[in-house]
Amino acid sequence: MRILLAEDDAMIAEAVSVALKDAAYAVDWVRDGAMASGILEGEEHQALLLDLGLPKMDGLEVLRRLRGRKSRLPVIVITARDEIDERIKGLDLGADDYIVKPFDVNELLARLRAVIRRHGGQASPVLTNGIVSLDPATREARCGEISAILSAREFSLLHAFLLKPGVILARTELEERIYGWNEEVESNAIDFLIHSVRRKLGQDVVKNVRGAGWMVEKPA
Ligand code: CA
């Protein structure tokens, strides 16, 4: 799961990036609104954390353009305590939630899980295809009698599959989901992750689709 963070305050951005990475997200950080808006056109990210007071293009304009393109990307707006009007405008422009600075990163993570879950149309926080289930709050995966706590990367991999059971994901799509811009990706990284998820949960959890990629089965 790959998150775009648009925030010009380096201290906040650093703290949020560290927390997101610890929680198994890949994070790309930009410092101005114009850059954020351009990058969002590439549709590489699964959620946006958007500071409203940004140089070059303010956060509300970034949001207006995003929703103007009919993007349904989950967006959490980051606002200062006194920016009540902006917060309301943000919600009216289609932000999914907001958080007020200074905030606790754990609260931000919980809000992020909630907007991503709602976006996927799931009422329950636990993702499942009926065979394997995954709890985003604890990174615990279960398959029959087996349960295991996944590493950050293993979690990201299985999460990407469980968001779309029955859909084949190719290597490049998985790499985009799991790794940020500044991360080196070894050529066999995805194979290694699939191997370790299978070792923890069983061989059949992730299916090979020859020449195309991998998938988890669709619920029966
Ligand atoms: Ca700012």
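These legends walk through several close-up views of a predicted model.

**View 1. The calcium ion and its protein donors.** Three residues reach the calcium ion in this view: D8 and D51 each through OD, and G53 through O. These donors lie 2.2 to 2.3 Å from the ion. Along the sequence, the donor residues follow the spacing D-x42-D-x1-G. The two aspartates bring together distant parts of the chain, since D8 sits in the loop between β1 and α1 while D51 belongs to strand β3, 43 residues apart. Is D51 buried or exposed? D51 is buried, because its relative accessible area is 3% and the cut-off for buried is under 20%. D8, at 34%, is partly exposed.

**View 2. Helix α1, from its cap to the residue that follows it.** Helix α1 covers residues 10–22. At its N-terminal end, D9 serves as the cap, with a side-chain oxygen 2.9 Å from the backbone nitrogen of M11. How far apart should the ends of α1 be? With 13 residues at 1.5 Å a residue, the expected span is 18 Å, and the end C-alpha atoms are indeed 18 Å apart, so the two values agree. Look next at the buried residues of this helix, which are I12, A13, V16, S17, A19 and L20. Their cover includes strands β1 (2–6), β2 (26–30) and β3 (47–51), along with helix α5 (105–119). Just after the helix, A24 takes a positive phi of about 80 degrees.

**View 3. Helices α6 and α8 where they pack.** Here α6 (residues 152–163) meets α8 (residues 189–201) at an angle of about 90 degrees, and the axes are 10 Å apart. An angle from 65 to 115 degrees counts as roughly perpendicular, and therefore this pair is described that way. On the α6 side, the contacts come from R153, E154, L157 and L158. Their partners in α8 are I190, L193, I194, S196, V197, K200 and L201.

**View 4. Helix α8 by itself.** The 13 residues of α8 should span 18 Å at 1.5 Å a residue, and the end C-alpha atoms are 18 Å apart, so the model agrees with the expected value. Buried residues of α8 include A189, I190, L193 and I194. Further along the helix, S196, V197, R198 and L201 are buried too. Just after α8 comes G202, with a positive phi of about 120 degrees.

**View 5. S133 and its neighbours in strand β7.** S133 is placed in β7, which covers residues 132–135. Is this serine, S133, buried or exposed? S133 counts as buried because its relative accessibility is 18%, and the limit is under 20%. Leaving aside residues up to four places away in sequence, S133 touches V126, L127 and T128, as well as E140, A141 and R142.

**View 6. Backbone details in three loops.** Most residues other than glycine have a negative phi, and most peptide bonds are trans. Against that background, the peptide bond from K101 to P102 is cis, with omega near -5 degrees. P102 is in the loop between β5 (97–100) and α5. K70, which is not a glycine, has a positive phi of about 70 degrees. This lysine, K70, is in the loop between α3 (59–68) and β4 (75–79), and at 71% relative accessibility K70 counts as exposed. R139 is another residue other than glycine with a positive phi, near 65 degrees, and R139 is found in the loop between β7 and β8 (140–143).

Methods. Residues numbered from 1 in each chain as written. Heavy atoms only, no water. Helix = DSSP H or I, 4+ residues; strand = E, 2+ residues; numbered from the N terminus. Expected span 1.5 Å × (residues − 1). Buried < 20%, exposed > 50% of the residue type's maximum accessible area, 1.4 Å probe, protein only. Contact = heavy atoms within 4.5 Å. Polar contact = N/O pair within 3.5 Å; in protein donor to acceptor, adjacent residues only side chain to side chain. Donors = N, O, S within 2.8 Å, 3.2 Å for Na, K, Ca; no water. Axes fitted to C-alpha atoms, helices over the stretch in contact; angles between N-to-C directions. Parallel < 35°, antiparallel > 145°, perpendicular 65-115°, else oblique.
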